[in-house]
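I opened my notebook to get to know a structure that was new to me. Come along and look with me.

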Amino acid sequence: MEYKRLTLLCGHYGSGKTNIAVNMALDLRKKYDNVAVADLDIVNPYFRTKDSSKEFEEAGIRLIVSEFANSNLDIPSLPQDMYALTDDLRLRAVIDVGGDDRGALALGRLAPKIIQEGNYDMLMVINKFRPLTPDAESTIEVMHEIEGAGGIKFTGLINNSNLSDETSPQDVLKSRDYAMQVSALSGLPIVLTTVKQELYNILNGQIDNLFPMVLQKRPAN
């Protein structure tokens, strides 16, 4: 994948955007020295980028996390470190924006400078196996809500339709029609289709722009 300076990932709760953010940041670090992953999620997510902090430290990736991550505050307040995303133009970053329109509220604080610079991709992570986005129409509705809250239009789609460890090659192949329908309705390209690493060799050549991922594990308490 060709990365812009900023790659923003949005999607409904459980779409898998955080897992993608982790894998993208590690992939980006293979190409660039000054890399960060930022977590704007304030909606009490199940998986958080912070859960991979040790892995980021070992890879030399800067982790930027809101002090209100994993809280239930309605009004986002960003720490000063977050503004490095727009102020330090040497930095390459993957930004986990958050789930739904409420999760995208924090993005609104950074949106004007991001748009002004113009060196970004705003990618919608879609997953047909989540209960609130089982079809193209419901997914488009969520997209519009996120755009309204975050203040930035989407530039592409990531098809991350999966059933976690239970995902079969057939599940991924069957999700292509759904992704194509979302693409047709939104006018946005399917930038990537993600698969867990174990399925990559099976599906490579059958799906364009396939992106292998290591599934993030939640640390034991």
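Below are my entries, in the order in which I looked things up.

**Ground rules.** I am working with a predicted model, where local features need pLDDT of at least 70, side-chain atom pairs count only at pLDDT 80 or more, and totals for chains, interfaces and linings use all residues. Residues are numbered from 1 along each chain as its sequence is written, and side-chain values use heavy atoms, with hydrogens and water left out.

**Entry 1, the core.** I looked up the largest nonpolar core (buried Ala, Val, Leu, Ile, Met, Phe, Trp, Tyr and Cys residues joined through side-chain atoms within 4.5 Å). Buried means under 20% relative accessible area, exposed over 50% and partly exposed in between, with a 1.4 Å probe and protein chains only. This core has 36 residues, and Leu8, Leu85 and Met122 touch the most other members. Among the elements that supply at least two residues each are strand S1 (6–11), strand S5 (120–126) and helix H6 (136–150). H6 gives the most, five residues. Helices here are DSSP runs of H or I with at least four residues, strands are runs of E with at least two, and both are numbered from the N terminus. I also noted a second, separate core of 19 residues, including Leu9, Phe56, Ile158 and Leu192.

**Entry 2, Leu85 and Thr86.** Which residues does Leu85 touch, leaving out those up to four places away in sequence? I found Arg5, Leu6, Ala38, Ile64, Leu91, Ala93, Ile95 and Leu110, where contact means heavy atoms within 4.5 Å. Thr86 is found in helix H3 (residues 84–87). Is Thr86 buried or exposed? Thr86 counts as buried because its relative accessibility is 10%. With the same sequence limit, Thr86 touches Arg5, Leu110, Lys113 and Ile114.

**Entry 3, Gly60.** I found Gly60 in the loop between helix H2 (53–59) and strand S3 (62–65). Gly60 has a relative accessible area of 43%, so it is partly exposed. Beyond its neighbours within four places in sequence, Gly60 is in contact with Arg29, Asp33 and Val35. Leu26 is 34 residues from Gly60 along the chain, and their C-alpha atoms are separated by 9.4 Å.

**Entry 4, a pocket.** Leu26 turned up again in the second largest pocket: of its 19 lining residues, Asn23, Leu26, Glu55, Met213 and Val214 lie nearest the centre. A pocket is an open set of points on a 1 Å grid over the protein atoms alone, where a 1.4 Å probe fits, with protein on both sides within 12 Å along at least five of seven lines; lining residues have an atom within 4 Å of a point. H1 gives the largest share of this lining, five residues.
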